[in-house]
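Biologist: Please take a close look at the charged side-chain pairs in this model, and place them in their surroundings.

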Amino acid sequence: MSDDPTHVREFFGARAADWDSRFPDDGPAYAAAVAEIGLRPGDAVLDAGCGTGRALPPLRAAVGPSGTVLGADLTPEMLDEAVRAGRGGTSGIATLLLADVGRLPLRDDALDAVFGAGLISHLAEPVADLRELARVVRPGGRLALFHPIGRAALAARHGRRITPDDLRAEPRLRAVLAEAGWRLVSYVDEDARYLAMAVRES
């Protein structure tokens with residue numbers, strides 16, 4: 001399922017205030033996923049669809065004080081919660097952008113990596129939106145698509161079955177990423193986590 005931006009904004013806006021308390025144990029999974037991106041001190045990284053910013057502290061730790069951490073989300077209430085939690089604003093952890101990941105206010109090749117937690121199923125136009133993420137990442141830069149639980153566990157949580165046409169299924173995702181300028185290099189879909197890593201083609 002892909003969503004139009006208005007629906008996404010309404011859905012997450014209504015849930016922003018208690019979002020972190022609903023998923024209190026996800027922190028280590030976020031940190032482990034960030035560690036696999038291979039960020040280096042001084043790198044520039046974007047958390048696309050950052051929500052309340054749970055990935056922002058480990059991203060900052062990975063790139064160090066000389067690096068750049070951006071968090072972009074189209075739901076103002078989520079960004080407000082990120083600031084309230086000390087993950088953005090004047091905290092020095094990240095610069096927050098109220099922006100649709102399909103239209104980013106960033107120059108070409110500006111970033112070394114993009115992290116996207118729970119992002120893929122909320123993209124209105126997956127190929128176009130992933131192409132926009134490719135635009136702002138340098139050739140050879142990385143994309144990490146993460147979820148703290150795998151496809152089967154997530155489907156069960158929502159009372160659904162996983163289907164082959166699910167955008168996060170490996171064959172479908174590989175094809176969509178390739179069309180958008182990315183090459184899938186690793187794919188993990190286990191009960192305890194989902195992590196697909198891609199490299200930006202030159």
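Modeller: Glu-81 counts as buried, with a relative accessibility of 16%; buried means under 20% relative accessible area, exposed over 50%, and partly exposed in between, using a 1.4 Å probe and protein chains only. The model is predicted, so local features need pLDDT of at least 70 and side-chain atom pairs count only at pLDDT 80 or more, while totals for chains, interfaces and linings use all residues. Residues are numbered from 1 along each chain as its sequence is written, and side-chain values use heavy atoms, with hydrogens and water left out.

Glu-81 forms a salt bridge with Arg-84, and their closest N and O atoms are 2.3 Å apart. The term salt bridge stands for a side-chain nitrogen of Lys or Arg within 4 Å of a carboxyl oxygen of Asp or Glu. Arg-84, unlike its buried partner, is exposed, at 62% relative accessible area. Both residues belong to helix H5 (residues 76–84), where they sit 3 residues apart, about one turn of the helix. Helices (H or I, at least four residues) and strands (E, at least two) are DSSP runs numbered from the N terminus.

The surroundings of helix H5 are parallel strands. Strands E2 (residues 68–73) and E3 (residues 95–98) pair in the parallel sense over 4 bridges; pairing requires at least two DSSP bridges between two strands. Gly-71 has Leu-96 in E3 as its bridge partner. Between E2 and E3 the chain passes through H5, in a right-handed β-α-β crossover. Right-handed here means that, with the strands pointing away from the viewer, the path from the first strand over the helix to the second runs clockwise. On its other connection, E2 joins strand E1 and helix H4 (residues 56–63) in a right-handed β-α-β unit. E1 (residues 44–48) and E2 are parallel as well, with 5 bridges, and one of these links Ala-48 to Ala-72 in E2. Of the 6 residues in E2, 5 are buried.

The structure holds 12 salt bridges. One of them, between Arg-193 and Glu-36, brings the closest N and O atoms to 2.7 Å. It links distant parts of the chain, since Arg-193 belongs to strand E7 (residues 193–200) and Glu-36 to helix H3 (residues 27–37), 157 residues apart. Glu-36 is partly exposed, at 40% relative accessibility.

Arg-151 and Asp-189 form another salt bridge, with 3.6 Å between the closest N and O atoms. Arg-151 lies in helix H7 (residues 151–157) and Asp-189 in strand E6 (residues 182–190), so the pair ties together parts 38 residues apart in sequence. Arg-151 is buried, at 10% relative accessible area, whereas Asp-189 is partly exposed, at 28%. Through salt bridges with shared partners, Arg-151, Asp-166, Arg-168 and Asp-189 make up one network.

Arg-168 also appears in the lining of the largest cavity, along with residues including Phe-146, His-147 and Tyr-194. A cavity is a set of points on a 1 Å grid over the protein atoms alone where a 1.4 Å probe fits but cannot get out, and lining residues have an atom within 4 Å of a point. The lining comprises 5 nonpolar, 3 polar and 1 charged residues. Strand E5 (residues 137–147) gives the most to this lining, 3 residues.

Key
1 Å grid on protein atoms, 1.4 Å probe; cavity = no way out; pocket = protein on both sides within 12 Å on 5 of 7 lines; lining within 4 Å. Nonpolar A, V, L, I, M, F, W, Y, C, P; charged D, E, K, R; others polar.
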